[in-house]
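Here are some brief notes for a first look. Please read them with the model open beside you.

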Amino acid sequence: MTGIIAHGEKRLVLVSGRAHPQLATDVARELDIELLPTTAYDFANGEIYVRFAESVRGTDVFVLQSHTTPINEWLMEQLLMIDALKRGSAKRITVVAPFFPYARQDKKHKGREPISARLVADMFKTAGADRLLSVDMHAAQTMGFFDGPVDHLWAMPILTDYVRTRIDPSQAAVVSPDAGRIRVAEQWAAKLGGVPLAFVHKTRDISRPNQAVANRVVGDVEGRTAILVDDLIDTGGTIAEAVKVVLAAGASDVMVAATHGVLSDPAAKRLTESGAREVVVTDTLPIAPEKRFPQLTVLPSAPLLARAIREIFDDGSVTSLFDGVA
């Protein structure tokens, strides 16, 4: 017989960038492991240095980074970590990007624009990533930008389980903030037991970022608790306007639920004054004290991420985490 047969065991390694250390610690705790010791710092001119303190040869490595502000710095740090792992002979490298950077730039609206989400996926691949894991990408087609396996997780079970405890389903309605999110709103409505569905008709000037105008509600929300659902909240302008339009249409009160709490200024002020009873997000992104406000509820995403990482490591089914519909 030629060759050598190895009988070694697989080794799962979790490494983290500096963007959201608490999430990485929580995921490691769920997996009952420790984070790989990592040295990372900035040179005086802004260049980033990373090095891992233990061997990663032959390991199955998951590189966790939350892409918050300053997003370009954290993206570059993650790329350097991937390159270091590749050069350290890691067997398989999985990018864990709960909030996929540049996800909203997934297509061209005008000539001579980049498709930035595709570029980011290409950079991950070029750096040495074999696999990608993300949560609630802004558009499903982003999965096709990465040349390799992509595991697209849903935060919907986390959010719906919580919202169900805060409403009377017989007096609720799920509202999409625009027509483009209707499919997600339908899934929310089904998860909550078949509650009525509505959406806010809005217009957006593509030449002006973070600005949209909510016009009217299509559907019946009168006398109901309206649950506005979206994938992310950035400056809060769209959601705040949608809350006001829904309340003007006769809703008794409004809850807002979104996966990613970007919450760029002045989101906290807008949402505080919007009239929403509660704004629920997950901790896929760090939320600094100055971004928090009384109506905000932050739910943990670490259990979801840890379960998916374990399924990938064990060659199991990530789809099984979502009743076969992911």
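How much area does the protein expose, and what share of it do carbon and sulfur atoms supply?

1. Surface. The exposed area is about 15400 Å². Carbon and sulfur atoms supply 51% of that area. Bear in mind that this is a predicted model.

2. Make-up. The protein has eight helices. It also has 14 strands.

3. Overall dimensions. The C-alpha trace spans about 75 × 45 × 40 Å along its principal axes. The radius of gyration is 21 Å. For 326 residues, a compact globule would come out near 20 Å, so the value agrees with that expectation.

4. Interior and contacts. Of the 326 residues, 51% are buried. Take the contacts between residues at least 6 apart in sequence: 64% of these join residues at least 24 apart.

5. Charges. The protein carries 36 positive and 40 negative charges. Their mean positions are 4 Å apart.

6. Record annotation. The UniProt entry is unreviewed. Under "binding site" it lists Arg204, Asp230, Asp234, Thr235, Gly236, Gly237 and Thr238. Treat this as coming from the record, where annotations may be inferred rather than shown by experiment.

7. A closer look at Asp234. Where does Asp234 lie? It sits in the loop between strand S11 (225-233) and helix H6 (237-248). Is Asp234 buried or exposed? Its relative accessible area is 11%. Buried means under 20%, so Asp234 counts as buried. This residue is also one of those that UniProt lists for "binding site".

Definitions and conventions. Residues are numbered from 1 along each chain as its sequence is written. This is a predicted model: local features need pLDDT of at least 70, side-chain atom pairs count only at pLDDT 80 or more; totals for chains, interfaces and linings use all residues. Side-chain values use heavy atoms; hydrogens and water are left out. Helices (H or I, at least four residues) and strands (E, at least two) are DSSP runs, numbered from the N terminus. The radius of gyration is taken over C-alpha atoms; the globule rule is 2.2 Å times the number of residues to the power 0.38. Buried means under 20% relative accessible area, exposed over 50%, partly exposed in between (1.4 Å probe, protein chains only). Contact means heavy atoms within 4.5 Å. Accessible areas come from the Shrake-Rupley method with a 1.4 Å probe; for residues, only the protein chains shown count as cover. Lys and Arg count as positive and Asp and Glu as negative; His and the chain ends are not counted. The place of a charge is taken as NZ of Lys, CZ of Arg, CG of Asp or CD of Glu.
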